[in-house]
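Please open the model in your viewer and keep the sequence panel visible. The tour below proceeds by selection, one stop at a time.

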Amino acid sequence: MITLKHISKRFDVGDNLVTAIDDISLQINKGEFVVVLGPSGSGKTTMLNVISALDNASDGKVIIDGKDISNGGRKNHFQFRRNTISLIFQTFNLFPALTALENVQFAADMRGLDNSEQIAREMLEAVGLGARVGHFPHELSGGEQQRVAIARALATGNPIILADEPTGELDFKTGVQILQLLMNQAQEGKTVVVVTHNREISRIADRVIELSNGNIVSDGPPESGKADISELQW
Amino acid sequence: MNWRLFWRWAWRDLKRRWLQVAAISIIIAIGTGIYTGLGGEEEFRINSMDASYDGLNMYDIRVDLTDGSYLPHEQVVDALAEIEGIRSLEGRLIVPTQVDASNNGDVILVSGEIVGMDMQDGGLDINQVYINEGRNITEADGGNPAAVLDYKFARYYELEPGDDIHIAGNIQLDFVGSGQTPEYFMIIPESLAFFGEGSFAPIFMPLESVQQITGQAGMINNIVIVTDENADLEAVTQDIEAAFAANFAETGVDIEFKDDNNVRAMLYEDAKADQEIWDLMAFLFLAGAALAVFNLSGRMVQSQRREIGIAMALGVPRHIIALRPLMVGLQIAILGTIFGIFFGFAANTGFTSLIKDLAPLPYWDQTVHYPSLITGTIIGIVMPLVAVMLPTLRAVIVPPIDAIRSGHLVAKQGGLGKWLTYLPIPGKSFLQMPFRNIFRSPWRATFTVLGISVAIALITLFVGFLDSFVATMDEAELAYRHDSPNRFVVTLDNFYPVDSETVTSIGNDALFSNWETQLELGGMLSHNGAEFQSAITLLPMNSDIWTPMLLEGNLSDQMGTIVIADKMAEDLGVTVGDAIILEHPHREGLFSFKLVKSEVEVVGIHNNPLRPLSYMSIASQSMMGVEELTNQVVVVPVPGVSTNTVRSTLFQQAGVGSVTDIAELSNAFDDGLELFKQFLQVIQGVVIFMAFLIAFNATSINVDERVREIATMFAFGLPIRTVTRMQIVENLLIGIAGTIVGVGFGWFILQAMMSTRIEEQLDDLRLIATLQPETLLISLALGILVVGLTPLLSIRKMVRMDIPGALRVME
Ligand SMILES: Nc1ncnc2c1ncn2[C@@H]1O[C@H](COP(=O)(O)OP(=O)(O)OP(=O)(O)O)[C@@H](O)[C@H]1O
Ligand SMILES: [Mg+2]
């Protein structure tokens, strides 16, 4: 489903050349639940940006569902994201002028879904915010905002879900709820990539990719075998 | 305080906002520029007029013998010579005529007036002629047909000294120069109170020459007088009247002071009234600029609020925190001042040259007006500083935690804002977004709407002025034409018996299918202390050529009945059936008239918006002592005869003073309007530009502020096209709201100005406040379009957006 071939991403910052990703190659299959681990600044968000064509790689190829997206035009990128990718941002990026419901509905509308409002209600229900649909982002706590962001991503129903620190602001109980939701998506056949620096989360993954300084330092099933979600604790 | 860091920071702020800063500066500059550039127009014009009137030694008192009267020059001079207070006087002979200035194939046949001036004893002293081209007439020209043409008339038709000029009776003049004299600084045609430089030709000639041409040897009908420095004009007037009563009992006189000269009064009033319009315009532009500046600086400070909060949390003193936003205010102030001086200079040069062109004077004052330059500059500096100061102060007085926390304005609003926020809006969510964006900061949107509404109000106001004048003139034209649009009114150069050869040979010409005679006399109508000038036409009320169209009452054959304009009825406070006093000429001898008062009954009110026009039955001629006399012949040409043919034919006839073609009555007016229209287009251009700048700023700030939201939409795959469309919808909403408010506001000002100022200035007219839908629509469509389409300019900005960067930033 997702194939990266010798991907590098370098940033020019004045005289410095920052290498965020350094020659990464990997393949992620349909229906896989992948956790990307790595310390702050290791290149996790950058990798997601490259996969979602928000950013162009400096070198290498990104092949999604058999199509090389690394050098498609801007128009193709927009279409690709609209129909293939669901993004959950590390920084939420909700629309401050829209209510929780409208934020979620927005994504469904844009995807061209008919019953967008109903989908949005269901999604908010699923993330435990059924009672807060009419609230604006500034009326929600950080964790609630994050859940709206997740509901918004899931509302599109796109086959690839890229989640950047989806549990960063959440307490244990809610965090687990969200992870369960994401795992369900994988079971339905969607490809889910969760970025985190929380090693505990990686225990429930099908596969853990560990980044450090822009390089893959390990790639495989969790060290101690795949755990059940009920075994998690943090 | 680390100043180097501070300056670097301020520099980065400027780099990020330079376009917005520049746009705001230009908006301010337009406002202050109009203020500084036009602030001194009144002074400039009044000084120039003072210089011109003094320079040509305008009369203090002008004595007109009642129409049709002539007196021997010598006797008049002798009779007035001894009056105390008169320093000098000159007799003149002024007669209406027809002027043929046809040149190079162009047929130029217009009404005119020959002013015979006394060139003896060292030349002209009072009401001298300033020469623009060629040479002046001198004593040596006495008896010769040497003539100076009015400069504006010559300029209008591009006539050069030496060109062929003929006057009625086919007399060839020796066109020696073109020039200006005080009474004709502006040409006000009798029929329409507007520009008439192409339709009326004043000609200045030596007195003896005019006496010869008209066969009035030794006679005059007009005297101009300059009094001693401190002379009591009223006393002098009484002495003059006494002298006339004693020496020429049968001849009436009309005495006019310098200040009452209608051209002079109009020029001075115009200067004053125009200044009020400039001031209003400058005020509106400044108001628009102020709104825009407050809007921008409010947003700018708002966007720095978190940083301000953080600085406060770090313990930075408030006055230092305030410095950073104030720097932007300062930048706007400096740029605005520079642009403002430039705009002011441009506006000043533009309008001054327009004035010089419209109403040329011999002498001009300097054009730069320092007081308004200084005030304008101060306003330009203070306005942006205050605009930035207010939101900054508000931002630094809140507790730091509020400043850090409040991500969005919506968090802190009550009342309308709150209500609007929760207002359900139907439709897909991207259709809702523009509404939501407007509603989440209603004050900000209101400022933008107001800024644009000021621009639209300006357009409405000026379009409204134009349309109202046009509507009024159309109404006048309609009234004049009524059921006889093809007729010509031939004004004779004197009174003639209705059956005289002069009259019958005009009417019986084969060119005309129908004709009749009428009388036109000047008079004064009064009632309960109110009194107004009137031009009274005596005509057969059963005429099958033309009778006035009545709004009220009935035409009457009776002597002593009168039909007046509705404006006259209103101003006198009378209606049909009331009796009013008419002061009118009464013929005492062959060439002498006197003014007498009679009571007349108002039997009808006609539809012409020109107040002076009144009509009486021809039966009233016995009241005036002019039985069986006429001074106007109305002719109806047979179909297919051209105006030029009629004019050339009448031109050959003896006794013809002037020919008015009812069908072409509005041409002179249209010529004058053309200039006004061009002027209006410039204003519209400037105003639309200002609306554009305001809209551009609002959009550009929106894009800046919403960069994260836009990046998020891009991340979700929403195309730039759709995002732009959403912005266009938002701008259209603002544009439409601004337009509606602006039209209402402009219409209100228009009505207010019509009913007060214009009514005073052009009190001879019933002005009809009108907005032509078509002309207005064009401006409005332009306004809405410009505002609506500004987001297109942000496309580049969005294409080049660093999406991951925008998404990454934690607010
Ligand atoms: N636009 C940019 N310009 C310069 N450097 C950048 C840019 N974007 C990312 N970097 C650098 O690339 C590296 C990787 O950044 P990235 O955001 O991918 O890290 P991350 O693994 O997501 O970290 P975190 O867990 O803190 O979110 C960092 O060192 C960062 O400074
Ligand atoms: Mg990251």
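Does E477(B) count as buried or partly exposed, and at what relative accessibility? At 15% relative accessibility, E477(B) counts as buried, where buried means under 20% relative accessible area, exposed means over 50%, and partly exposed lies in between (1.4 Å probe, protein chains only).

Before continuing, note that this is a predicted model, in which local features need pLDDT of at least 70, side-chain atom pairs count only at pLDDT 80 or more, and totals for chains, interfaces and linings use all residues. Residues are numbered from 1 along each chain as its sequence is written, chains are lettered from A and ligands numbered from 1 in the order in which they are written, and side-chain values use heavy atoms, with hydrogens and water left out.

**Stop 1: salt bridges in chain B**

Keep E477(B) selected and add R481(B): their side chains meet in a salt bridge at 2.7 Å, N to O. A salt bridge here is a side-chain nitrogen of Lys or Arg within 4 Å of a carboxyl oxygen of Asp or Glu. Because R481(B) and E477(B) are four residues apart in helix 14 (residues 442–481) of chain B, about one helical turn separates them. Helices (H or I, at least four residues) and strands (E, at least two) are DSSP runs, numbered from the N terminus. R481(B) is partly exposed, with a relative accessible area of 26%.

Next, select R611(B) and D571(B), whose side chains form a salt bridge of 2.7 Å, N to O. This pair links distant parts of the chain, 40 residues apart: R611(B) is in the loop between strand 19 (592–606) and strand 20 (613–617) of chain B, and D571(B) is in helix 16 (residues 566–572) of chain B. R611(B) is buried at a relative accessible area of 5%, whereas D571(B) counts as partly exposed at 23%.

Then move to E183(B) and R62(B), which meet in a salt bridge of 2.3 Å, N to O. E183(B) sits in the loop between strand 8 (171–180) and strand 9 (200–206) of chain B, while R62(B) lies in strand 1 (residues 61–65) of chain B, 121 residues away. Both residues, E183(B) and R62(B), are buried. Extend the selection to D64(B) and R92(B), since a network of salt bridges links R62(B), D64(B), R92(B) and E183(B). Over all chains, the structure holds 23 salt bridges.

**Stop 2: the interface**

Display both chains: 31 residues of chain B are in contact (heavy atoms within 4.5 Å) with 29 residues of chain A. The count of salt bridges between chain B and chain A is zero. On the side of chain B that touches chain A, the elements giving two or more residues are helix 13 (429–440), helix 20 (707–715) and helix 24 (803–808) of chain B. Of these, helix 13 gives the most, with seven residues.

**Stop 3: the magnesium ion**

Select ligand 2, the magnesium ion, whose protein donors are T45(A) (OG1) and Q90(A) (OE1), lying 1.9 to 2.3 Å from it. Donors are N, O and S atoms within 2.8 Å of the metal (3.2 Å for Na, K and Ca); water is not among the atoms, so sites may look incomplete. T45(A) lies in helix 1 (residues 44–51) of chain A and Q90(A) in the loop between strand 6 (85–88) and helix 3 (100–110) of chain A, so the pair ties together parts that are 45 residues apart in sequence. Q90(A) is partly exposed, with a relative accessible area of 37%.
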